[in-house]
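Grab a pencil and work through these exercises with the model open beside you. Try each task before you read its solution.

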Amino acid sequence: MIAEFGLAALWLAGALAVLQLIAGTLALSGKGPGLAGIVRPVAMMQGVLALLAFASLILLFWHTDLSVKLVALNSHSAKPLIYKLAGTWGNHEGSMLLWVAVMSMAGGFVALVERRLPEPTMLATLAGQAFVSIGFYAFLLMSSNPFERLPQPAIEGQGLNPLLQDIGLAFHPPTLYLGYVGLSVAFSFAIGALVTRQVGPAFARAMRPWVMGAWIFLTLGITAGSYWAYYELGWGGWWFWDPVENASLMPWLAATALLHSASVLAARNALRAWTVMLGVVAFSMSMVGTFLVRSGILTSVHAFAVDPERGSFILALLAINIGAALTLFALRAATVTEGERFAVTSREGALVFNNVMLTGILGIVLVGTLYPLLAEAMGTKVSVGPPYFNPAGAMFAVPMLIVMAVGPLLRWRRDSFSRVRAALVLPLPLLLGLGLAVGLAFNRGIGLLPAIGLALAPAIMLASLLPLRARSLKRTPLPVWGMVFAHFGIAVAMFGMASESAFSSERLVAANVGDSVEVGPWKVRLARIEPIAGQNWTALEAKMLASYAGGAATEIDPQARSFWTPPQQTAESALLTRWNGQLYAVLGEQAEDGRWQLRLWWKPFVPLIWLGGVLVALGGLLALIGRVASDLRRYVVREKIADRRQRQGR
Amino acid sequence: MSEPAAKASRWALWLPLGLFGLFVALVLYGLMRPASHDIPSAMIGKPLPEFNLPAAQPDRPGLKRADLATGKPRLLNIFASWCIPCAAEAAQLSELARQGVEIDGIAIRDHPEDLAGFLSRYGNPYARIGADDVSSVQLALGSSGVPETFVIDGQGTIRYQHIGDIRPDQIPLILQKLAEAGQ
């Protein structure tokens, strides 16, 4: 019953999306006077139905209803409840349903709350949102029905990839999806603005909270994904430039650029066409990323749904959506005037520079991700990794970070560096001093990029606090706090990255029980190996005693885990975090002579990478709260004025 | 803005669509291409790297680069006793050896006892077998797995790489590649 209900809700939601598109288009062209009124309610209804469909699927996974094909293939009655639920989106069909549900709910929410834009722009926006949704409904209903029944209920489910049985991963994809799909709202706003040629500060203000919300989720999703890869894959690395990682990074880069250009548009009515373009690009990157992951077109460690037919379907969707949006852009953008002018040395100038650099990094990542495919078309096989991405990305990232430190100090429209020179009296000497110190260290074999990062990060941390100087901290608006947090977080993360690659020490040893191994300042003793059992796995657990610089010993317990549904081995690494870094231990196999393979890393300051990511997201949250609160205040004031006028009029 | 500049920027507005078109063309090619995960060696057409492997078996000599440049084309087979397709391939190698093809082997990460068992069970078509215990020569040859077979010409240049086991119907192909290498 639940499966049929979910399927019916999904069909209905799809039908409402079609209605939303038709009614919106007709109302826009003035053909149906009564139709304009139904677009908003239809959008909300569609959101509710899509949510019901998704809730039905969660329920099916909760009960492990093995008569449903998707549940039988991806779940198991012996799995812990939390992973049963996570199994809902841990597969192709479920994750596409989540995608559609989030997109429809976002559209419904826009219809519910957004009152600032002119009504025609809203109609065009909601019609645009419906246009994109319809393709995904069709995709789900025609080629990836999540509610399909089996002719005979299965006796037992076929489990979930044990690598995915991890609390971080259970919530990582939905977080990323909220980000990916949240950007669809920015896409639809851009379409609406292009159709009605209403590109201005009101458009930017309406779009900004959505971009900000999506961006917060993307930031958290990427941060969590990176941490997951770090401790779950057991390779000690935190970023692999894998196509799937790049797929999440590219929308983030575009959304970051969009946030900044939308600020310029909102405050100064400049960068109109560029902001609209970024609105289109950001969601396009979400779709491109999803396509690259789902089609299996690029070889990836994450490939969990490789199906050329589905790939073709997503490609068709992508070509229609992005192609149509870019055609509309090409036709309309010439009539969108460029807006206000500004000097090169100004807040706008710095933000434009930031945008160009972010776009540059985006280009680098996109080209690097697609290059293996391009090379194959030319007849050679290559893989592209850190030796390309790191220096090429840094080429744009380093100037961008320097401007990020100075830009917020500049005034809008026109400014001069001599005015802000006084403010840089602390960070600049710090940079020079650290540069010198690190330059000396560079001689001792630290790479060039980590050296630059180590020198730059503290100076940028300090500089990012400067916008708070000469302000009353109590009266500083939340969006300014948000900016300070986010910029500070970027510098913190950068310090972690640089420190990790400059100072990590690694030991790979074969140890007998009782042996001690030294790694960096740590001394780690392998005390014993014990078998232990979990709900659906058994493991060998190493009891290790780790002491830092001769101090008291702490126990850490890495495991080599064996799952039985499906049979698979995973290495559960053990982490020991201190304020100045992390000890990372992995238990490998036992050799024939009885010794155990141990891998140990000491990674100074590595947690700062993720702490920085969280700070960036927190900054976004502060800015979002500040903006929404002031929007609400403005709304209340406007209502009051309207109310008073009405009474006076009477 | 002057008139030609305005016209130029109007054309530039189509640029994103053009780039996107290129992207679609590229991934369409990617979707259409036959799914293949073979990674061809970058060493084809190049002389063999210098190496000198110890003997993997007491009854056969080890293998060094000079052994392969004998003026006559030979096969160099990368295999291991723990590799199941290698066992399936052994009959074809024996057939090639029976037809007079000279074959040298490199055993990857193997133990002498296991290897002796493998050779007694499936036949030993090899003139020499080198023991590559850390895959160093395998990697230098640009081989990404076992089994792989290289056609080496008389001057010690790699002329052809066969990825995966040699199937019975592929024996003529190998003979043809050997003949080409001999010209």
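Before we start, here is how strands are picked out: a strand is a DSSP run of E with at least two residues, and numbering goes from the N terminus. Two strands count as paired if DSSP finds at least two bridges between them. Keep in mind that you are looking at a predicted model.

**Exercise 1. A hairpin in chain B**

Task: Work out how β6 and β7 of chain B pair, and find the residue with a positive phi in their hairpin.

Solution:
- Step 1. Locate the strands: β6 of chain B covers residues 148-152 and β7 of chain B covers residues 158-163.
- Step 2. Look at the pairing, which is antiparallel and runs over 5 bridges.
- Step 3. Pick out one pair across the strands: Thr149(B) sits opposite His162(B).
- Step 4. Now check the turn. There are 5 residues between the strands, and Gly156(B) has a positive phi near 85°.

**Exercise 2. An odd peptide bond**

Task: Is the peptide bond from Val146(B) to Pro147(B) cis or trans?

Solution:
- Step 1. Find Pro147(B) in the loop between α6 (136-141) and β6 of chain B.
- Step 2. Read omega for the bond from Val146(B) to Pro147(B): the value is near -10°, and the bond is cis.
- Step 3. Put that in context: most peptide bonds are trans.

**Exercise 3. A sheet in chain A**

Task: In what order do the 4 strands of the open sheet in chain A lie, and which strands stand at the edges?

Solution:
- Step 1. Write down the order, β1-β10-β9-β8 of chain A, with antiparallel pairing.
- Step 2. Look for the edges. β1 (505-511) and β8 (574-578) of chain A each have a single partner strand, so one side of each has no neighbour in the sheet.
- Step 3. Check the twist: neighbouring strands in this sheet are turned by 15° against each other on average, ignoring direction.
- Step 4. Zoom in on β9 (residues 581-590) and β10 (residues 596-604) of chain A, which pair over 8 bridges in the antiparallel sense. Gln582(A) has Lys603(A) in β10(A) as its bridge partner.

**Exercise 4. Three loop residues in chain A**

Task: Decide for Thr64(A), Asn269(A) and Asn145(A) whether each is buried, partly exposed or exposed.

Solution:
- Step 1. Get the cut-offs: a residue with 20 or more other C-beta atoms within 10 Å is buried, one with 12 or fewer is exposed, and anything in between is partly exposed.
- Step 2. Thr64(A) lies in the loop between α2 (36-62) and α3 (69-74) of chain A. Thr64(A) has 20 C-beta neighbours inside 10 Å, so Thr64(A) is buried.
- Step 3. Asn269(A) lies in the loop between α9 (243-268) and α10 of chain A. Asn269(A) is partly exposed because 16 other C-beta atoms lie within 10 Å.
- Step 4. Asn145(A) sits in the loop between α6 (119-143) and α7 (167-196) of chain A. Asn145(A) is partly exposed, again because 16 other C-beta atoms are within 10 Å. Apart from neighbours within four places in sequence, Asn145(A) contacts Glu93(A) and Leu140(A).
- Step 5. Check the backbone too. Thr64(A) has a positive phi of about 45°, and Asn269(A) has a positive phi of about 55°. Most residues other than glycine have a negative phi.

**Exercise 5. The nonpolar cores**

Task: How many residues does the largest nonpolar core have, and which helix gives the largest share?

Solution:
- Step 1. The largest core has 189 residues, and Ala254(A) is one of those with the most contacts inside it.
- Step 2. Helix α8 (residues 201-232) of chain A gives the largest share of this core, 17 residues.
- Step 3. Follow Ala254(A) outwards: its contacts beyond four places in sequence are Leu278(A), Val281(A), Ala282(A), Met285(A) and Leu362(A).
- Step 4. Then look for the second, separate core, which has 36 residues, including Leu115(B) and Phe118(B).

**Exercise 6. Where the chains touch**

Task: How many residues does each chain bring to the contact, and which helix of chain A gives the largest share?

Solution:
- Step 1. Chain A brings 21 residues and chain B brings 14 residues.
- Step 2. On the chain A side, α10 (272-295), α11 (308-332) and α12 (347-377) each supply at least two residues.
- Step 3. The largest share there, 11 residues, comes from α11(A).
- Step 4. Sort the chain A side by class: 15 nonpolar, 5 polar and 1 charged.

Technical notes. Residues numbered from 1 in each chain as written. Chains lettered and ligands numbered in written order. Predicted model: local features only at pLDDT ≥ 70, side-chain atom pairs only at ≥ 80, totals over all residues. Axes fitted to C-alpha atoms, helices over the stretch in contact; angles between N-to-C directions. Contact = placed C-beta atoms within 7 Å. Nonpolar A, V, L, I, M, F, W, Y, C, P; charged D, E, K, R; others polar. Core = buried A, V, L, I, M, F, W, Y, C linked by C-beta atoms within 7 Å.
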